[in-house]
Amino acid sequence: MNVSTWQTIYECAEKWIFEAGELLKQSFTEKRTITYKSNFSDLVTDMDKKVEKFFIGKINETFPEHKILGEEGFGDEVTNADGVVWIVDPIDGTTNFVNQQFNFAISVGIYENGEGKVGFIYDVVRGELFHCMKGKGAYLNEKKLPALENTSLNEAVIGINATWVRPNTRIDHHRLIPIVKNARGTRSYGSAALELAYVACGRLDAYITMRLSPWDFAAGIILIDEVGGIVTTASGDEINVLDKNSIFAAKPGLHESILKEILR
């Protein structure tokens with residue numbers, strides 16, 4: 001597709017994200033209907049479903065030829081990356097949305113034939129929109145984000161959940177302890193989308209997790225790529241944007257050193 005078509009897609013996505021954000025803010029005073037997926041920490045609310053349906057309605061009406069992969073399953077059965085695919089997380093950080101009404105985001109990544117083209121991560125409460133179009137740089141609201149520069153592990157703040165530095169079925173947690181031990185500090189915000197956005201803008205120097213779904217990382221990896229960061233699996237492999245992956249995102253140089261000296 002040509003540049004003007006992508007600009008139209010970009011502008012529509014931005015408009016819908018702000019509208020969806022208003023729906024979420026208006027819901028703060030309402031009573032939530034909460035159900036559970038795999039366990040009590042895996043929540044889904046009526047607003048997750050409402051916002052996803054909102055996006056699907058808008059996308060289908062405006063771009064009927066596009067496919068939609070959504071967390072709550074109201075989109076399409078996407079089996080390949082052909083064409084234009086919207087990957088939508090209506091509320092990334094649902095537990096935070098329910099418990100805190102804070103630290104959650106709307107995440108929308110738009111791909112063409114498997115290549116990330118447009119990414120949006122919207123922190124609804126803070127009013128921070130991280131956004132980019134491939135080749136045009138990444139932005140926080142109207143401010144262009146600078147290219148990421150290398151830093152050493154002992155100067156780095158790493159995004160990592162405590163789940164992964166205790167015994168688990170995904171990775172030998174002893175491999176991650178040196179990262180936690182040698183970093184300047186660690187943080188966990190409870191929203192993978194925000195943590196990836198924070199790598200893109202430099203609030204975090206790296207982010208490591210052993211299990212994310214496409215809607216968790218689709219927008220974030222486009223943003224990080226635009227500022228020169230690197231995103232791979234924890235083993236250093238390429239990300240499959242339609243499948244669950246471990247994710248290791250970091251500044252250049254730092255990514256290489258952690259991967260070579262610790263993770264591999």
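Let's start with Arg126 and Asp123. Their side chains meet in a salt bridge, at 2.7 Å from N to O. Keep in mind that this is a predicted model.

Are these two residues buried or exposed? Asp123 counts as buried, because its relative accessibility is 0% and the cut-off is under 20%. Arg126 is partly exposed, because its relative accessible area of 33% falls between 20% and 50%.

How many salt bridges does the structure hold? Nine. I'll go through a few more.

Next, Arg203 and Glu128. Their side chains also meet in a salt bridge, with 2.8 Å from N to O. This pair links distant parts of the chain, 75 residues apart. Arg203 sits in the loop between helix H5 (192–201) and S12. Glu128 lies in strand S7, residues 128–133. Now the accessibility. Arg203 has a relative accessible area of 36%, so Arg203 is partly exposed. Glu128 has 14%, so Glu128 is buried.

Third pair: Asp205 and Lys251. The closest N and O atoms of this salt bridge are 2.7 Å apart. Again, distant parts of the chain are linked, here 46 residues apart. Asp205 is in the loop between H5 and S12. Lys251 is in the loop between S14 and H7. Both residues are buried.

There is also a network. Which residues are linked in it? Glu112, Glu115, Lys117, Lys134 and Asp225, by salt bridges.

Now to the sheet. You have already heard the names S12 and S14. Both strands belong to an open sheet of five strands. The order is S11-S10-S12-S14-S13, and the pairing is mixed. Which strands are at the edges? Strand S11 (185–187) and strand S13 (230–232), each pairing on one side only. From one strand to the next, the twist averages 15°.

Look at S12 and S14 on the structure. S12 covers residues 206–212, and S14 covers residues 245–250. The two strands run antiparallel, and five bridges join them. To find your place, take Leu212: this residue stands opposite Asn245 in S14.

One helix to add. H7, residues 254–263, packs on this sheet. Which strands does H7 touch? S12, S13 and S14. The direction of H7 makes about 125° with that of S14.

Put the last parts together. S12 and S14 are joined by bridges. H7 touches both strands. And the salt bridge of Asp205 with Lys251 links the loop between H5 and S12 to the loop between S14 and H7. Trace that on the structure.

Technical notes. Residues are numbered from 1 along each chain as its sequence is written. This is a predicted model: local features need pLDDT of at least 70, side-chain atom pairs count only at pLDDT 80 or more; totals for chains, interfaces and linings use all residues. Side-chain values use heavy atoms; hydrogens and water are left out. Two strands pair if DSSP finds at least two bridges between them. Helices (H or I, at least four residues) and strands (E, at least two) are DSSP runs, numbered from the N terminus. Axes are lines fitted to C-alpha atoms, for helices over the stretch in contact, and angles run from 0 to 180 degrees between N-to-C directions. Contact means heavy atoms within 4.5 Å. A salt bridge is a side-chain nitrogen of Lys or Arg within 4 Å of a carboxyl oxygen of Asp or Glu. Buried means under 20% relative accessible area, exposed over 50%, partly exposed in between (1.4 Å probe, protein chains only).
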